[in-house]
Amino acid sequence: MPGTIAHTQSRGWRRAMQQTKEPGPALLTEWSSQGATRSGFDLNVRPANPSDKRTLADFFGRVKPQDLRFRFLSAMKAIWPRLAYELVNIDHTDTENLLAFGDDGQLVASAMIATSDRDRRDAEVAITVRSDLKEHGIGWTMLERACDYARSRGFKRLHSIQLSDDRAAIGLQEEMGFHAHPCPDDMSVTILSKDLQG
């Protein structure tokens, strides 16, 4: 079963980041894409860097508590500064954070991709969309970008861990070909997996 390294600091992500690993192939730090969602909302996607700390903190300030709960798998009213720091100070090897900006330059979505798999076959994704922009197809497009990115890195499977009451996210991922099954250790959690070789 995949962990929750992309979703939350409290359930293994920090421990995974602190483990000593053999160097893997570096993530493509210059990887970026431009395009539009199905509704015509233009997106510019690029990897995060340390200068994005304030931008990311402001972005999460526009994410409702319920959406924060879905993203980090626990109740929270806001993210703390240390978390914003950790989400942009990443190694670009085991962890990447793709940021999507609108034409106005504002951050509208984030897609964290992470792995703790030494064989680099499995990765995990966690996506957040600004709460006031949820009806523009941004989540769908960011999941597509995350799949493309993971595939370009050679990962064979991409997983997502969702709270089982986050029906919108689960439905979107199933529509994109992810297969859902309950977590045997926690029935409040649903695991979704997609074969990237198909």
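Visitor: Which residue in strand 5 does Ile 113 stand opposite?

Guide: Keep in mind that this is a predicted model. Strand 4 covers residues 107-114 and strand 5 covers residues 122-129, and the two run antiparallel. Across from Ile 113, in strand 5, stands Val 125.

Visitor: How many bridges join strand 4 to strand 5?

Guide: Strands of a sheet pair through backbone hydrogen bonds, either parallel or antiparallel. Here strand 4 and strand 5 go the antiparallel way, and the number of bridges joining them is six.

Visitor: Which strands are the edge strands of the sheet?

Guide: Eight strands make up an open sheet with mixed pairing, in the order 1-2-3-4-5-6-8-7. An edge strand pairs on one side only, and that fits strand 1 (33-36) and strand 7 (179-183).

Visitor: By how many degrees are neighbouring strands of this sheet turned against each other on average?

Guide: Picture the open sheet of eight strands again. Ignoring direction, the average turn between neighbours is 25 degrees.

Visitor: Which strands does helix 2 touch when it packs on the sheet?

Guide: Helix 2 takes in residues 53-60, and its direction makes about 110 degrees with that of strand 4. The strands it touches are strand 3 (95-101), strand 4 and strand 5.

Visitor: Are helix 2 and helix 4 parallel or oblique to each other?

Guide: Helix 4 spans residues 81-88, and its axis comes within 9 Å of the axis of helix 2. The two axes cross at roughly 120 degrees, and the crossing is right-handed. With that angle, helix 2 and helix 4 are therefore oblique.

Visitor: How many nonpolar residues does the contact of helix 2 with helix 4 have?

Guide: On the helix 2 side you'll find Lys 53, Leu 56, Ala 57 and Phe 60, while helix 4 brings Pro 81, Ala 84, Tyr 85, Leu 87 and Val 88. Sorted by class, there is one charged residue and no polar ones, and the nonpolar count is eight.

Visitor: Which residues of helix 6 make the contact with helix 5?

Guide: The axes of helix 5 (residues 138-152) and helix 6 (residues 167-175) come within 11 Å and cross at roughly 50 degrees. Helix 5 and helix 6 are therefore oblique to each other. Gly 139, Trp 140 and Leu 143 of helix 5 meet, from helix 6, Leu 172, Gln 173 and Glu 175.

Visitor: Over which residues is the pLDDT below 50?

Guide: For the chain, the mean pLDDT is 86, with 84% of residues reaching 70 or more. One stretch, which has 35 contacts in the model beyond near neighbours in sequence, falls below 50: residues 8-25.

Technical notes. Residues are numbered from 1 along each chain as its sequence is written. This is a predicted model: local features need pLDDT of at least 70, side-chain atom pairs count only at pLDDT 80 or more; totals for chains, interfaces and linings use all residues. Side-chain values use heavy atoms; hydrogens and water are left out. pLDDT is the predictor's confidence in each residue, from 0 to 100. Contact means heavy atoms within 4.5 Å. Axes are lines fitted to C-alpha atoms, for helices over the stretch in contact, and angles run from 0 to 180 degrees between N-to-C directions. Helices (H or I, at least four residues) and strands (E, at least two) are DSSP runs, numbered from the N terminus. Angles under 35 degrees count as roughly parallel, over 145 as roughly antiparallel, 65 to 115 as roughly perpendicular and the rest as oblique. Two strands pair if DSSP finds at least two bridges between them. A crossing is left-handed if the near helix is turned anticlockwise from the far one by less than a right angle, and right-handed if clockwise. Ala, Val, Leu, Ile, Met, Phe, Trp, Tyr, Cys and Pro count as nonpolar, Asp, Glu, Lys and Arg as charged, and the others, Gly among them, as polar.
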